[in-house]
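I opened the file to go through its helices and ring contacts. These are my notes, in the order of looking.

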Amino acid sequence: MQFWDWYGDGSTYVVDVGLACCTLEFEAASYGRTSAGIVRVEDLPAGSRVVVVISGTVTDKLTGPVVTIVSRIRAAVPSAAVVAFGACASAGGPYWDSYSVTKGIDQLVAVDAYVPGCPPPPEALATIVDELSERARV
């Protein structure tokens, strides 16, 4: 998994579980951010905030790997926040009635924030990460 040092100071790391087209919007939102590279979540600095972004359509075949990723991150960083990024991750999007599409990632893991849209604008992700980071400081 590739983590992004969102502010460049080691306080907040963001990782994208990119599954479909909303991943491109994540890439646009992370443009200019510092990549921490491919690291183990256990190697992130103590006390840093972790935000897991689930972007794109979650098919039933991918539910196991997505839950494993989120569970592994939350085991290492219990305060890690999960963001459902886009209509598909939030509620199944235009594919909600398909037999093979999960009707939102919140059916599998606890979600801290939803970013609606198809696709959502990159600025919306930046705003949510800012809000989640402020929440962590309170």
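The entries below cover helices, one aromatic pair and one distant residue pair.

Entry 1, status. I am working from a predicted model.

Entry 2, length of α2. I checked whether the end-to-end distance of helix α2, residues 63–76, fits its residue count. For 14 residues at 1.5 Å a residue, I expected a span of 20 Å. The end C-alpha atoms are 20 Å apart, which agrees.

Entry 3, faces of α2. Which residues of α2 are buried? I found Thr63, Val66, Val70 and Ile73. Looking down the axis of α2, I saw these buried residues fall within an arc of 110°, so they line one face of the helix. The spacing fits the general rule: an α-helix has 3.6 residues a turn, so residues three or four places apart point the same way. On the other side of α2, I noted Thr68 and Ala75 as exposed.

Entry 4, cover of α2. I then looked up what covers the buried residues of α2. The cover includes four strands: β1 (2–5), β2 (12–18), β4 (49–55) and β5 (81–85).

Entry 5, α1. I repeated the burial check on helix α1, residues 22–30. Its buried residues are Cys22, Thr23, Glu25, Phe26, Ala29 and Ser30. Seen down the axis of α1, they fall within an arc of 155°, so here too the buried residues line one face of the helix. After α1 comes Gly32, and I noted that its phi is positive, near 85°.

Entry 6, aromatic rings. How many aromatic pairs are there? My count came to 1 aromatic pair. The rings are those of Trp6 and Phe26, with centres 6.3 Å apart and planes at 40°. An angle under 30 degrees would count as stacked and one over 60 as edge-to-face, so I logged this pair as tilted. Trp6 sits in the loop between β1 and β2, and Phe26 in helix α1, so the pair ties together parts that are 20 residues apart in sequence.

Entry 7, burial of the pair. Are the two ring residues buried or exposed? Trp6 has 2% relative accessibility and counts as buried. Phe26 is buried as well, with a relative accessible area of 1%.

Entry 8, Glu134. I placed Glu134 in helix α4, residues 122–137. At 45% relative accessibility, Glu134 counts as partly exposed. I also took its separation from Leu19: the two are 115 residues apart in sequence, and their C-alpha atoms are 27 Å apart in space.

Terms used:
Residues are numbered from 1 along each chain as its sequence is written. This is a predicted model: local features need pLDDT of at least 70, side-chain atom pairs count only at pLDDT 80 or more; totals for chains, interfaces and linings use all residues. Side-chain values use heavy atoms; hydrogens and water are left out. The expected span of a helix is 1.5 Å times one less than its number of residues. Buried means under 20% relative accessible area, exposed over 50%, partly exposed in between (1.4 Å probe, protein chains only). The arc is that of the directions from the helix axis to the C-beta atoms. Contact means heavy atoms within 4.5 Å. Rings of Phe, Tyr and Trp (its six-membered ring) pair if their centres lie within 6.5 Å; planes under 30 degrees apart count as stacked, over 60 as edge-to-face and the rest as tilted.
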